[in-house]
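Have the model open in a viewer, with side chains hidden to begin with. The tour below gives one selection after another and says what is found at each stop.

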Amino acid sequence: MQYSDDAVSLSRDEIASVQVGLLRETIARARRAPAYQDRLQGISPDDIRSPDDVRKLPFTSKEDLRAGMPCGFLAVPMRDVVRMHYSSGTTGLATAVYHTRDDLHRWAQCVARGMLAGGVTDEDVFQNMMGYGLFTGGLGFHYAGELIGCMTIPAGSGNTERQIHLMHTFGSSVLHIIPSYALRVLYVCDGEGIDPLRELSVRVIYVGGEPHSDQLCRRIEDGFGAKVHNCYGLSEMCGPGVAMECAAQQGLHVCEDHFLLEVLDPDSLEPVEPGEPGEIVLTTLRREAMPLIRYRTRDIAHVIPGDCPCGSRHVRVSRIEGRTDDMLVVKGVNVYPMQVERALLGIDEVGRNYVITLDRPADLDRMTIAVELTQQAFADDMRRLNALRERIRRRLHSELDIGVEVELHEPGALPVTEGKAVRVIDRRDQEK
Ligand code: DLL
């Protein structure tokens, strides 16, 4: 029988009432963790009468998790823990996240909900091209694929030729992959003379785990002839599956019966209006081993106002627009790496990879953007290459409001990672 999920059809009122009940339980459970005993003093589950009452609770930060390592946030006896993951997130020292058996099952349900919303069924062959191991990307989707009943191929990341061979041989129809790595796969297909549109059967691709632009998703869609769905998550909540894009591709639905979302101004910590960007702050509603209250993700996104045509009333968020900690201040101007990607990938001649380097010669900030071109563009004569460099430079200038240096490279020249891409090298501190 096809796996299904009733919670997806909850009304707004039902979601609010489920959240109040679960938030009360979460407070009671979190109190068992040493790190929350003091913080939650004086707060009673009865103080929660609406989801907005979450604002009566204290925040939790990555620094708090680090200070509580290894077991300060553990709310169950260790014998109830069946797995741990270990995450550095995007920056900094790693922290442990623990799961009970039920936590793992509910995590699989969240991811499965998103996969169903993208049209995945038990007839699909699902190739999971994310790292298995301490990183949550691989195992997080693996059990969801099996829950739905897909033939699930635990391909892991890397070994691109073998990945393509698997897709070809087993007719993989659904992929889960880091977005920058998806472009690499297309590049290798090209080199091997494989046309993904004719020779592969991919129809749905889940991407996530790192910031990426709409333009990048459209390139992956065109390359594979498939629909790309964005999936957001972080190890501290579980991993992938906190919010996923449905077939309408108009934002990511948060699993609101598992996570309570706030979008706050990162300075005032007051809620922003729907449509306005702010920091995503999340409270787990069902997690047993490690409930987290008002966890400050540092990810920036906005709530998408209005109803989604897919029918789900679970709130939608935009793609991640940046992080409060990846903002670069260059020549006094705030710059997010995502703006660079957006500008570059709107240019046809630009290939699949770019790297931003910052240094400070003669005490002045300099931003250099190394860009790989497509094979065809790179083969052009010097005059046309110079004109192209100037066009890219101007495009970046108007997007970022600062002058930048542009270097053009041949395809494959810049370093690639099979995990999360490293896009920014900031050498300014070393030059003080
Ligand atoms: O990256 C979980 C995940 C794996 C999500 C696979 C989706 C797919 P962490 O390693 O703890 O967990 O890193 C979490 O990655 O706070 C974001 O900054 C970033 N991130 C995750 N998904 C997206 C996305 C996993 N779809 C951190 N878009 C988060 C942009 C993302 N950034």
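Select Phe141 to begin; in this predicted model the residue is buried, at a relative accessible area of 0%. The cut-off for buried is under 20%, so the label follows directly from that value. Phe141 belongs to helix α5, which runs over residues 136-148.

**The rings around Phe141**

Add Tyr206 to the selection. The ring centres of Phe141 and Tyr206 are 5.7 Å apart and the planes meet at 50°, so this pair is tilted. Tyr206 sits in strand β6 (residues 204-208) and Phe141 in helix α5, so the contact ties together parts 65 residues apart in sequence. Is Tyr206 buried or exposed? Its relative accessibility is 0%, so Tyr206 counts as buried.

A search of the whole structure gives three aromatic pairs. For another of them, add Phe126: its ring centre is 6.1 Å from that of Phe141, and with the planes at 45° the pair is tilted. Phe126 comes from strand β3 (residues 125-128), 15 residues away from Phe141 in helix α5, and the pair links distant parts of the chain. Phe126 is buried as well, with a relative accessible area of 0%.

Keep the three residues on display together: Phe126, Phe141 and Tyr206 make up one aromatic cluster. The tilted label rests on plane angles that are neither under 30 degrees, which would be stacked, nor over 60, which would be edge-to-face.

**The ligand**

Now select the ligand and the residues around it. How many residues surround the ligand? There are 25, and the closest are Asn230, Cys231, Ser235, Asp299 and Lys420.

Show the side chains of Asn230, Ser235 and Asp299 in turn. In Asn230, a side-chain N or O atom is 2.8 Å from a nitrogen atom of the ligand. In Ser235, the distance from a side-chain N or O atom to an oxygen atom of the ligand is 2.6 Å. For Asp299, a side-chain N or O atom likewise lies 2.6 Å from an oxygen atom of the ligand. On its own the ligand would expose 610 Å², and the protein buries 97% of that area.

Colour the shell by secondary structure next. Helix α5 and strand β7 (227-233) each provide at least two of the shell residues. Which element gives the most? It is β7, with four residues. Colouring by residue class instead shows eight nonpolar, 13 polar and four charged residues in the shell.

**Charges over rings**

Select Arg294 with Phe59. The charged end of Arg294 sits over the Phe59 ring, 4.1 Å from the ring centre. Then move to Arg352 with Tyr187, where the charged end of the arginine sits over the tyrosine ring at 4.2 Å from its centre.

**Arg428**

Go to Arg428, in the segment after β21 (424-426). Where does its side chain make polar contacts? One of its side-chain polar atoms lies 2.7 Å from the backbone oxygen of Val329. The side chain of Arg428 also has a polar contact of 3.1 Å with the side chain of Asp365. Arg428 is buried, with a relative accessible area of 7%.

**Backbone stops in the loops**

Switch to a backbone display and select Met69 and Pro70. The peptide bond between them is cis, with omega near 0°. Pro70 is in the loop that joins α3 (62-67) to β1 (81-87).

Select Asn159 next, in the loop between β4 (151-153) and α6 (160-170). What is its phi? The value is near 55°, which is positive although the residue is not glycine. Asn159 is partly exposed, at a relative accessible area of 40%.

The last selection is Gln249, in the loop between β8 (240-245) and β9 (252-254). Gln249 is not a glycine either, and has a positive phi of about 50°. At 25% relative accessibility, Gln249 is counted as partly exposed.

Key:
Residues numbered from 1 in each chain as written. Predicted model: local features only at pLDDT ≥ 70, side-chain atom pairs only at ≥ 80, totals over all residues. Heavy atoms only, no water. Phe/Tyr/Trp six-rings, centres within 6.5 Å; stacked < 30°, edge-to-face > 60°. Buried < 20%, exposed > 50% of the residue type's maximum accessible area, 1.4 Å probe, protein only. Lys NZ or Arg CZ within 6 Å of the ring centre and 35° of its normal. Near = heavy atom within 4 Å. Polar contact = N/O pair within 3.5 Å; in protein donor to acceptor, adjacent residues only side chain to side chain. Areas by Shrake-Rupley, 256 points an atom, 1.4 Å probe, with all protein chains shown as cover. Nonpolar A, V, L, I, M, F, W, Y, C, P; charged D, E, K, R; others polar.
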